[in-house]
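I open a new page for this model and keep the notes short. I will look at strands, then the core, then the empty spaces.

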Amino acid sequence: MSKIDYDLTKIKAFVFDVDGVLSPGTVPMSADGLPMRMVNVKDGYALQLAVKHGYKIAIITGGYSEAVAMRFKILGIDDVYMGASMKLPILKQWLNDNNLDASETVYVGDDIPDHDCMKAVGLSVAPADADIDIKGVAHYISTVNGGYGVAREIIEEVMKARGDWMSTEKAFGW
């Protein structure tokens, strides 16, 4: 039985913000003033496993970083949208391009730029430390802060509900 009040067997796709979701909201700066993001290896494991099982995954972020693009490419995620000042049009186009219904999609966001996307999907998720307004529109608030396993938590819940978690040899390797 899932702790999330949604029919998780319907989920076919995940969309994630980066800063405050897949990396902590506090980001160290490099000497040249560029943000340096941390990543969670358990999130990475769950993301690559979901890709192997055929789930669609997109990253939509307002930031821009070649390191971020490379990280997700290594995990098998091709749909990475950076520098997104308005995320909803990108989300809608991505859903259309992938023949996905909003009810089949999870969006995970933590701050005001994610608000409209979270209202546009079937299941919206916020990290435990998300902005209060975002928590107000989230269907589920994660047990962990952004950057500390939010993606792992939601992907694992969905894959368990659909019988995909640890179901094949794909689960035991990168």
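Which residue of β5 does V106 stand opposite? I note beforehand that the model is a predicted one. I looked up the pair and found L123 in β5 opposite V106.

**Entry 1, the strands.** I went on to the pairing that holds this couple. β4 and strand β5, residues 123–126, run parallel and are joined by three bridges. I then followed the chain between them. From β4 the chain passes through helix α4, residues 115–120, and reaches β5. I recorded this β-α-β crossover as right-handed.

I also checked β4 against strand β1. β1 covers residues 13–16, and four bridges join β1 to β4. These two strands run parallel as well. In this pairing I found F16 opposite V108 in β4.

**Entry 2, the faces of β4.** Are the two faces of β4 covered or open? I looked at residues 105–108 one side at a time. T105 and Y107 lie on one side and are buried. V106 and V108 lie on the other side and are buried too. I wrote down the general rule beside this: side chains in a regular strand alternate between the two faces of the sheet.

**Entry 3, the core.** I looked up the largest nonpolar core and noted 32 residues. F14, F16, L47, F72, I154 and I155 have the most contacts inside this core. I then listed the elements that give two or more residues to the core: β1, α1, β2 (56–60), α2, β4, β5 and α6 (150–161). The largest share comes from α6, with six residues.

**Entry 4, the cavity.** How many cavities of 30 Å³ or more are there? I counted one. The largest cavity has a volume of about 50 Å³. Its lining consists of L22, V39, N40, D43, G44, L47, R71, F72 and L75. I sorted this lining into five nonpolar, two polar and two charged residues. α1 (41–52) and α2 (66–74) each supply at least two residues of the lining. α1 gives the most, with three. I marked L47 and F72 in my list, as both line this cavity and both are among the residues with the most contacts in the core.

**Entry 5, the pocket.** I finished with the largest pocket, whose volume is about 220 Å³. It is lined by 16 residues, and P35, R37, S65, A67 and V68 are the closest to its centre. I sorted the pocket lining into 11 nonpolar, three polar and two charged residues.

Notes:
Residues are numbered from 1 along each chain as its sequence is written. This is a predicted model: local features need pLDDT of at least 70, side-chain atom pairs count only at pLDDT 80 or more; totals for chains, interfaces and linings use all residues. Side-chain values use heavy atoms; hydrogens and water are left out. On a 1 Å grid over the protein atoms alone, a cavity is a set of points where a 1.4 Å probe fits but cannot get out, and a pocket is an open set with protein on both sides within 12 Å along at least five of seven lines; lining residues have an atom within 4 Å of a point. Grid points are joined across faces, edges and corners, and a volume is the space filled by probe spheres set on the points. Ala, Val, Leu, Ile, Met, Phe, Trp, Tyr, Cys and Pro count as nonpolar, Asp, Glu, Lys and Arg as charged, and the others, Gly among them, as polar. Buried means under 20% relative accessible area, exposed over 50%, partly exposed in between (1.4 Å probe, protein chains only). Two strands pair if DSSP finds at least two bridges between them. A crossover is right-handed if, with the strands pointing away from the viewer, the path from the first strand over the helix to the second runs clockwise. A nonpolar core is a set of buried Ala, Val, Leu, Ile, Met, Phe, Trp, Tyr and Cys residues joined through side-chain atoms within 4.5 Å.
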